[in-house]
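Student: I'm new to this structure. Please pick one strand and take me through it closely, with whatever surrounds it.

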Amino acid sequence: RTWKTFLTMMHWSLKRQSSWVQLAGHQGNFQVSKGGEVLKLYSELEAKCLDSLMRDPLRPFVPQYYGLVTRGEHCYIRLEDLLNGLRRPVIMDCKMGVRTFQEEELVKARTKPNLRSDMYQKMVKVDPSAPTAEEHEQKGVTKWRYLQWRDTTSSTSTLGFRIEGIMMEDGSVQRDFRKIHSLTQVTEALLYFTRSQLDTLVIGSSLLFVHDHSKASVWMIDFGKTMPLPDSKEVQHGVPWVEGNREDGYLIGLTSILTALSQAISLAEGQQEGT
């Protein structure tokens, strides 16, 4: 859902057919302006996180946050349009961390352990052997079971990040990355994204890669599930997650991305020398 929303936002950002336009098909989650701003439907968690980031050393790596604005019945977060000024941008969206759900979601799911036929169908579609014999018989799985299984089907659990999707300059979209597990497969995806161009390959992103063959940018985006830790709690971001430790594995993902980039650069250099 996040990738589809971002892709739709990108198309509207490039067209900018009016002063303010609501994105079709996403219940007004985003609006895009002509003035280099994007309006994203208000989330208290995300607004608080962005406000803190504006005073944080990470500020250069996140979209500029301009505060809140009301349009009709909805409140929106005003953000910098990351595609402003780019021509035919190439975009890769990465989901960081060793898990993509909050611990609170697991707790909530366990308090209401209802069988979900829709989630069972999603599991079967990806891997018919994933459900247990009992789950096959019931034709349903609990939400907490599905959430934990979902991250094991991609490089999220093995590398600490996964590629959500890539859009090339011609508008073609590739989303079939969720079965990627190995560093070699990720490296191949990076070479595809950059067309093996060395001047692009040296730019790495913790979440979002954007380039248009003349300019490359690195951005951290999407903080809707980010919240401050309790004062008595600390996380290292570089150790495996065990329920209760709140570790996200963000630095595990960054290390994997840097390793894959290094391998991609070496392969691209070899290709250039060969030609």
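Tutor: Here is a walk around strand β7, starting from the whole chain and then working outward from the strand.

This is a predicted model, where local features need pLDDT of at least 70 and side-chain atom pairs count only at pLDDT 80 or more, while totals for chains, interfaces and linings use all residues. Residues are numbered from 1 along each chain as its sequence is written, and side-chain values use heavy atoms, leaving out hydrogens and water.

Let's get our bearings. The protein comes to 10 helices and 10 strands (DSSP runs numbered from the N terminus: H or I of at least four residues for helices, E of at least two for strands). Of its 275 residues, 44% count as buried, meaning under 20% relative accessible area with a 1.4 Å probe, protein chains only. As for contacts (heavy atoms within 4.5 Å), 61% of those with a separation of 6 or more link residues 24 or more positions apart.

Now to β7 itself, residues 161-167. Of its 7 residues, 7 are buried, so the strand is largely enclosed by the rest of the structure.

What sits beside β7? Look for an open sheet of 5 strands, ordered β8-β7-β6-β9-β10, with antiparallel pairing (strands pair if DSSP finds at least two bridges between them). The edges belong to β8 and β10 (216-219), each with a single partner strand, so one side of each has no neighbour in the sheet. On one flank of β7 is β6 (residues 90-96), running antiparallel and joined to β7 by 6 bridges. To find one of them, start at D93 and look across to its bridge partner in β7, G165.

On the other flank, 2 bridges join β7 to β8 (residues 173-174), again antiparallel. Here M167 has V173 as its bridge partner. Between the two strands of this hairpin are 5 residues, and in the hairpin G171 takes a positive phi near 90°.

Next, the side chains. I163 is a handy one to click on: it touches M92, D93, C94, F177 and A189, leaving aside residues up to four places away in sequence. I163 also belongs to the largest nonpolar core (buried Ala, Val, Leu, Ile, Met, Phe, Trp, Tyr and Cys residues joined through side-chain atoms within 4.5 Å). That core has 32 residues, and M92, F161, I163, L190 and F209 touch the most other members. At least two of its residues come from each of β6, β7, α8 (183-194), β9 (208-211) and α10 (250-274). Apart from it lies another core, of 11 residues, including L50, M54, Y65 and I77.

For a companion to β7, try β3 (residues 37-41). There 4 of the 5 residues are buried, so β3 is also largely enclosed by the rest of the structure. Its link to β5 (residues 74-80) is antiparallel and has 5 bridges, and across from L39 you'll find R78 in β5.

Back to your strand, then: β7 lies between β8 and β6 in the sheet order, and helps supply the largest nonpolar core.

Definitions and conventions. Buried means under 20% relative accessible area, exposed over 50%, partly exposed in between (1.4 Å probe, protein chains only).
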